[in-house]
Amino acid sequence: MRVGVITFPGTLDDVDAERAVRYAGGEAVKLWHADHDLKGVDAVIVPGGFSYGDYLRCGAIARFAPVMTEVVDAAKKGMPVLGICNGFQILCEAHLLPGALVRNHKLHFVCRDQWLKVENNSTAWTSRYDQGAEILVPLKSGEGGYQADQSTLDELEGEGRVVFRYVGENPNGSRNDIAGITSANGRVVGLMPHPEHAIDALTGPTDDGLGMFLSLVDSVVKA
């Protein structure tokens, strides 16, 4: 399994995402923002950070990077894509996922370990979890409040496309306590918390995040 991990100017969690892929038994392939080339990978991770300095709006410039043209085309053909934190913002800006991420409701950067409830375990990235399971992974963001109009929220909830939900106090004002969502076909997933920082109990709060990358292995093998 070859998984592409994109690096934009300002990306800072690409190395962690690559490590998570290797932990799951895959090969991490570096993808550069300025290239129209996915190098034949089986899946793509759009990692966290501050792409292009978060100028204009988080993810607004990265959405137009040459590599994202290829990602959008591949995602429409069914390639699994994961957006983490800034990557989630980019996927929303690229219209691969609905809604938008806005400034945290208390106007502070939040950095803490966060409990999440697994609401959907039928996506390409969550099959290793039990539905309703609670996992603990780091959260670190200043603009992580998920927002969408009521009709979009009703659609997401009605179709079971909320993948993760915050447990306990809502850290950023996300509507419906939404921490992560998926596309209609379950192949594209975006979330604000960082599963790649929770793949080894020695370096993270738990190894709960590893399940997302192991789920991808299962998905690619089945395909």
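In this predicted model, Val110 has Ser141 of β7 as its bridge partner. The strands involved are β6 (residues 110–118) and β7, which pair in the antiparallel sense over eight bridges.

**The sheet**

Both strands belong to an open sheet of nine strands with mixed pairing, in the order β2-β1-β3-β4-β11-β10-β9-β6-β7. Its edges are β2 (27–32) and β7, each of which pairs on one side only. From one strand to the next, the twist averages 25°.

Elsewhere in this order, β3 (residues 43–46) and β4 run parallel and are joined by three bridges. Val46 stands opposite Gly83 in β4. Strand β4 (residues 81–84) points Val81 and Gly83 one way and Leu82 and Ile84 the other way, and all are buried. Gly83 is thus both the residue opposite Val46 and one of the buried residues of β4.

The two pairings compare as follows.

| Strand pair | Sense | Bridges | Facing residues |
|---|---|---|---|
| β6 and β7 | antiparallel | eight | Val110 and Ser141 |
| β3 and β4 | parallel | three | Val46 and Gly83 |

**Helices**

Helix α4 (residues 150–158) lies across β9 (162–166) and β10 (178–182). The helix runs at about 75° to β10.

How much of α3 is covered? Eight of its eight residues are buried, so that the helix counts as mostly covered under the cut-off of 20% relative accessible area. The buried residues of α3 are Asn86, Gly87, Phe88, Gln89, Ile90, Leu91, Cys92 and Glu93. After α3 comes His95, with a positive phi near 65°.

**The largest pocket**

The largest pocket holds about 190 Å³ of space. Which elements give two or more residues to its lining? They are α3 (86–93) and β7 (134–141). The pocket lining therefore draws on a helix whose eight residues are buried and on an edge strand of the sheet.

The lining has 15 residues, and those nearest the pocket centre are Gly49, Phe50, Phe109, Ser141 and Gly142. Ser141 is also the bridge partner of Val110, which ties the pocket to the pairing described at the start. By class, the lining residues divide into five nonpolar, six polar and four charged. Gly is counted among the polar residues, so Gly49 and Gly142 fall in that class along with Ser141. Phe is counted as nonpolar, so Phe50 and Phe109 fall in the nonpolar class.

Notes. Residues are numbered from 1 along each chain as its sequence is written. This is a predicted model: local features need pLDDT of at least 70, side-chain atom pairs count only at pLDDT 80 or more; totals for chains, interfaces and linings use all residues. Side-chain values use heavy atoms; hydrogens and water are left out. On a 1 Å grid over the protein atoms alone, a cavity is a set of points where a 1.4 Å probe fits but cannot get out, and a pocket is an open set with protein on both sides within 12 Å along at least five of seven lines; lining residues have an atom within 4 Å of a point. Grid points are joined across faces, edges and corners, and a volume is the space filled by probe spheres set on the points. Helices (H or I, at least four residues) and strands (E, at least two) are DSSP runs, numbered from the N terminus. Two strands pair if DSSP finds at least two bridges between them. Axes are lines fitted to C-alpha atoms, for helices over the stretch in contact, and angles run from 0 to 180 degrees between N-to-C directions. Contact means heavy atoms within 4.5 Å. Buried means under 20% relative accessible area, exposed over 50%, partly exposed in between (1.4 Å probe, protein chains only).
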